[in-house]
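Reader: Before I rely on any label attached to this model, I would like to hear the reasoning behind it. Could you take me through the terms one at a time?

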Amino acid sequence: MTWFLPEIPASAGALLFDEGGRLLILKPTYKPGWTIPGGIMEADGETPWEACRREVLEETGLTVVRGRLAAVDSRPAKPGRKLGLRFLFDCGALSPAETAKIRLQASEISQHRFAGRAEALGLLRKAVALRVEAAWGAPNGVYLEGGRAVDGVR
């Protein structure tokens with residue numbers, strides 16, 4: 001019997017807030033809509049937390065030193081696209097001094113803003129918005145499939 005290990009693309013993102021509880025969202029240059037800081041995990045053995053920290057640093061210039069796992073979401077497979085895993089970390093509130101240090105990665109991010117819950121969920125791309133909505137303010141990490149809670153899983 002031959003066994004094959006699955007190759008599952010994975011990414012990690014960060015929920016970062018200002019002192020008023022508004023979410024940091026970014027406008028990418030390479031795709032439509034708004035998103036949160038984050039991106040694809042490197043295939044060199046990078047962990048989800050390492051990917052989250054690296055992507056936040058690359059895209060915003062901020063160094064993330066704390067976080068908690070807020071959600072794990074599986075993106076459904078489609079023809080020509082494998083199932084993917086999305087890790088979301090709640091990295092807490094930025095101080096005004098940290099907020100002032102945001103320096104966007106010009107090649108990938110054209111602008112940023114802090115948005116309240118309703119505004120952010122309205123601007124974020126649908127898949128990201130579903131994940132963020134499920135995790136925002138949840139007391140524990142959530143497990144999602146396609147951005148939605150799964151019956152029987154807490």
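Author: Let us begin with a single residue: Leu-130 has its place in helix 4, and the model in which we find it is a predicted one.

Reader: What does Leu-130 touch, once residues up to four places away in sequence are not counted?

Author: Leu-130 then touches Gly-146, Gly-147 and Arg-148. As for a separation in space, the C-alpha atoms of Leu-130 and Asp-73 are 9.8 Å apart, while their positions lie 57 residues apart in sequence.

Reader: Which residues of helix 4 are buried?

Author: Helix 4 covers residues 126-135, and the buried ones there are Val-128, Ala-129, Leu-130, Arg-131, Val-132 and Ala-135. Just after helix 4 comes Gly-137, which takes a positive phi of about 80°.

Reader: Why is Ala-120 called buried?

Author: The label requires a relative accessible area under 20%, and Ala-120 has a relative accessibility of 0%, so Ala-120 counts as buried. Ala-120 is found in helix 3, residues 117-123, and, leaving aside neighbours within four places in sequence, Ala-120 is in contact with Leu-23, Ile-25, Ala-115 and Trp-136.

Reader: How far is Ala-120 from Thr-35, C-alpha to C-alpha, and why is Thr-35 called buried?

Author: The C-alpha atoms of Ala-120 and Thr-35 are separated by 9.0 Å, although the two residues are 85 residues apart along the chain. For Thr-35 the relative accessible area is 9%, and because the limit for buried is under 20%, Thr-35 is buried. Thr-35 has its place in the loop between strand 2 (23-28) and strand 3 (38-40). Leaving aside neighbours within four places in sequence, the contacts of Thr-35 are Ile-25, Leu-26, Pro-28, Leu-124, Arg-125 and Val-128.

Reader: What makes Val-142 partly exposed?

Author: Partly exposed is the range between under 20% for buried and over 50% for exposed; Val-142 has a relative accessible area of 22% and is therefore partly exposed. Val-142 is found in strand 7, residues 142-145. Not counting residues up to four places away in sequence, Val-142 touches Ala-70, Ala-71, Val-72, Ala-134 and Ala-135, whereas Val-142 and Thr-99, which are 43 residues apart in sequence, are 27 Å apart in space, C-alpha to C-alpha.

Reader: Why is Gly-45 called exposed?

Author: Exposed means over 50%, and since the relative accessible area of Gly-45 is 59%, Gly-45 is exposed. Gly-45 lies in the loop between strand 3 and helix 1 (48-60), and its C-alpha is 21 Å from that of Arg-66, with the two residues 21 residues apart in sequence.

Reader: How do you know that Cys-52 is not in a disulfide with Cys-91?

Author: A disulfide needs a pair of cysteine sulfur atoms within 2.5 Å. The closest cysteine sulfur to that of Cys-52 is in Cys-91, at 4.3 Å, which is too far for a bond. Seen from Cys-91, the closest cysteine sulfur is that of Cys-52, at 4.3 Å, again too far for a bond. A search of the whole structure accordingly finds zero disulfides. As to accessibility, Cys-52 counts as buried at 0%, and Cys-91, with 4%, is buried.

Reader: Why does the radius of gyration of the protein chain agree with a compact globule?

Author: For 154 residues a compact globule would have a radius of gyration near 15 Å, and because the protein chain has 16 Å, the two agree. The C-alpha atoms fill a box of roughly 60 × 35 × 30 Å, taken along the principal axes. Of the 154 residues in the protein chain, 41% are buried, and among contacts between residues at least 6 apart in sequence, 62% join residues at least 24 apart.

Reader: What pattern does the protein chain follow along the sequence, and how much area does the protein chain expose?

Author: The protein chain has four helices and eight strands, and, read along the sequence, the pattern is β-β-β-α-β-β-α-β-α-α-β-β. The protein chain exposes about 8800 Å², of which carbon and sulfur atoms supply 56%. As for the charges, the mean positions of the 21 positive and 18 negative ones are 5 Å apart.

Notes:
Residues are numbered from 1 along each chain as its sequence is written. This is a predicted model: local features need pLDDT of at least 70, side-chain atom pairs count only at pLDDT 80 or more; totals for chains, interfaces and linings use all residues. Side-chain values use heavy atoms; hydrogens and water are left out. Buried means under 20% relative accessible area, exposed over 50%, partly exposed in between (1.4 Å probe, protein chains only). Helices (H or I, at least four residues) and strands (E, at least two) are DSSP runs, numbered from the N terminus. Contact means heavy atoms within 4.5 Å. The radius of gyration is taken over C-alpha atoms; the globule rule is 2.2 Å times the number of residues to the power 0.38. Accessible areas come from the Shrake-Rupley method with a 1.4 Å probe; for residues, only the protein chains shown count as cover. Lys and Arg count as positive and Asp and Glu as negative; His and the chain ends are not counted. The place of a charge is taken as NZ of Lys, CZ of Arg, CG of Asp or CD of Glu.
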